[in-house]
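Visitor: I am new to this structure and would like a close look at a single part of it. Please take me through the place where the ligand sits.

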Amino acid sequence: MFSNSHIGIDLGTANILVYIKNKGIVLNEPSVVAIDIHTNSVLAIGNEAKDMVGKTPENIVAIRPLKDGVIADYQVTIDLLKHIMKKVNKKNGISLRKPNVVVCTPSGATSVERRAIHDAVKSFGAKQVDLIEETVAAAIGADLPVSEPTANVVVDIGGGTTEVAIISFGGVVTSRSIRVGGDQLDEDIVAFVRKKYNFLIGYRTAENIKMEIGYALVDHEDQNMDIRGRDLVTGLPKTVTLSSYEIQDAIKDSMLSILDAIRHTLENCPPELSGDIVDRGITLTGGGALLNGIQEWLSEEIFVPVHIAPNPLESVAIGTGRSLEIIQKLQKSKRLS
Ligand code: ADP
Ligand code: MG
């Protein structure tokens with residue numbers, strides 16, 4: 001007889017990941033859907049769809065249905081989820097095993113949207129579907145002792161949002177969510193380059209610039225990068241050289257918003273837990289944790305240790321997959337005490 005498999009789905013604004021117990025991450029693709037607006041049919045999802053962004057004829061649009069940390073396009077989100085489940089099904093035959101699925105939903109999702117996500121997953125043969133708070137999943141995936149009565153601080157910097165939460169004894173003590181994440185940094189870079197150089201670049205290019213020569217607000221060795229785009233004055237393609245210090249300046253305000261959100265959350269920490277934070281510090285998850293210099297910068301600013309999760313892009317998915325066991329254990333220990 002098969003034991004029930006546990007599956008975790010991280011429905012992120014930028015990336016969607018599926019984790020299967022004993023197998024690990026089995027799917028990791030951008031949360032992008034390409035749609036033909038004449039027929040309303042889904043043409044591609046994931047990597048294939050992301051490669052189409054900004055390059056398609058007018059009748060094809062590449063949509064990020066979860067863009068701003070909430071479900072911006074609800075029907076497309078369900079379509080995306082269905083395609084993802086189909087893909088995982090095909091590769092792993094999970095439908096045979098009646099899996100228990102845990103989905104982490106974007107923090108801004110309404111109860112109706114949560115219900116629909118629940119039902120969409122259930123219709124794919126899941127035995128049970130649970131929804132979990134994203135930050136709790138991030139903390140579990142980052143190997144923090146969330147079931148203990150101690151302050152676990154998680155800062156998850158995703159595409160659409162940054163979520164900061166203090167978690168103790170399996171639950172969120174206090175949290176804050178802002179609509180500033182990796183996407184905003186990309187937008188900052190596009191706007192900066194346009195203003196300073198009259199030069200138009202796409203979001204994909206901006207994301208590459210951020211990953212290559214983007215820095216949190218720390219001193220570093222200046223780096224340059226040659227960028228291709230369109231000159232807005234002549235209308236012709238051209239190349240511009242950007243320096244890491246000007247990119248740092250472009251993303252400065254957004255970085256300060258993230259810092260502000262962390263500071264506010266720490267200020268709202270109950271005094272009994274504050275001591276834990278001084279000792280144990282905070283843990284960064286999400287793709288934004290990979291920004292150059294962010295660990296150094298934050299530890300200078302908030303005076304507590306700053307850790308980066310082992311696989312920041314995968315923390316939420318791993319934690320979502322593992323959460324069932326932890327929740328069960330926690331309920332048991334709560335009953336005993
Ligand atoms: P979500 O949970 O919202 O799907 P992710 O945690 O997958 O988001 O993070 C995606 C974001 O992280 C994107 O904005 C991406 O550009 C950013 N990111 C990924 N790698 C890096 C990197 N090396 N440096 C800076 N930002 C990065
Ligand atoms: Mg995420």
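Guide: What follows describes ligand 1, the residues around it and the pocket it occupies. The model is predicted, and the values below are computed from it.

Begin with the residues around the ligand. There are 17 of them, and Thr13, Ala14, Asn15, Glu207 and Lys210 come nearest to ligand 1. Two of these also appear in polar contacts made through their side chains. In Glu207, a side-chain N or O atom is 2.6 Å from an oxygen atom of ligand 1. For Lys210, the distance from a side-chain N or O atom to an oxygen atom of the ligand is 2.6 Å. Gly287 takes part through its backbone: one of its backbone N or O atoms lies 3.0 Å from an oxygen atom of ligand 1. On its own, ligand 1 has 580 Å² of accessible area, and the protein covers 90% of this.

Next, consider which parts of the chain supply the shell around ligand 1. Two elements give two or more residues to this shell: α5, spanning 182-197, and α6, spanning 203-213. The largest share comes from α6, with three residues. Sorted by class, the shell has nine polar residues, five nonpolar and three charged.

Now widen the view to the space itself. Ligand 1 takes up the space of the largest pocket, whose volume is about 1,000 Å³. This pocket is lined by 48 residues, of which Ala14, Asn15, Gly159, Asp183 and Glu207 are the closest to its centre. Ala14, Asn15 and Glu207 have already been named among the residues that come nearest to ligand 1.

Several strands and helices contribute to the lining. Those that give two or more residues are the strands β1 (6-11), β2 (15-20), β3 (24-30), β6 (60-63) and β9 (152-157), together with the helices α5, α6 and α11 (315-336). Both α5 and α6 were met above as elements of the shell around ligand 1. By class, the lining of the pocket divides into 18 nonpolar, 17 polar and 13 charged residues.

How values were computed. Residues numbered from 1 in each chain as written. Chains lettered and ligands numbered in written order. Predicted model: local features only at pLDDT ≥ 70, side-chain atom pairs only at ≥ 80, totals over all residues. Heavy atoms only, no water. Near = heavy atom within 4 Å. Polar contact = N/O pair within 3.5 Å; in protein donor to acceptor, adjacent residues only side chain to side chain. Areas by Shrake-Rupley, 256 points an atom, 1.4 Å probe, with all protein chains shown as cover. 1 Å grid on protein atoms, 1.4 Å probe; cavity = no way out; pocket = protein on both sides within 12 Å on 5 of 7 lines; lining within 4 Å. Sits in = over half its atoms within 2 Å of the grid points. Helix = DSSP H or I, 4+ residues; strand = E, 2+ residues; numbered from the N terminus. Nonpolar A, V, L, I, M, F, W, Y, C, P; charged D, E, K, R; others polar. Points joined across faces, edges and corners; volume = space filled by probe spheres on them.
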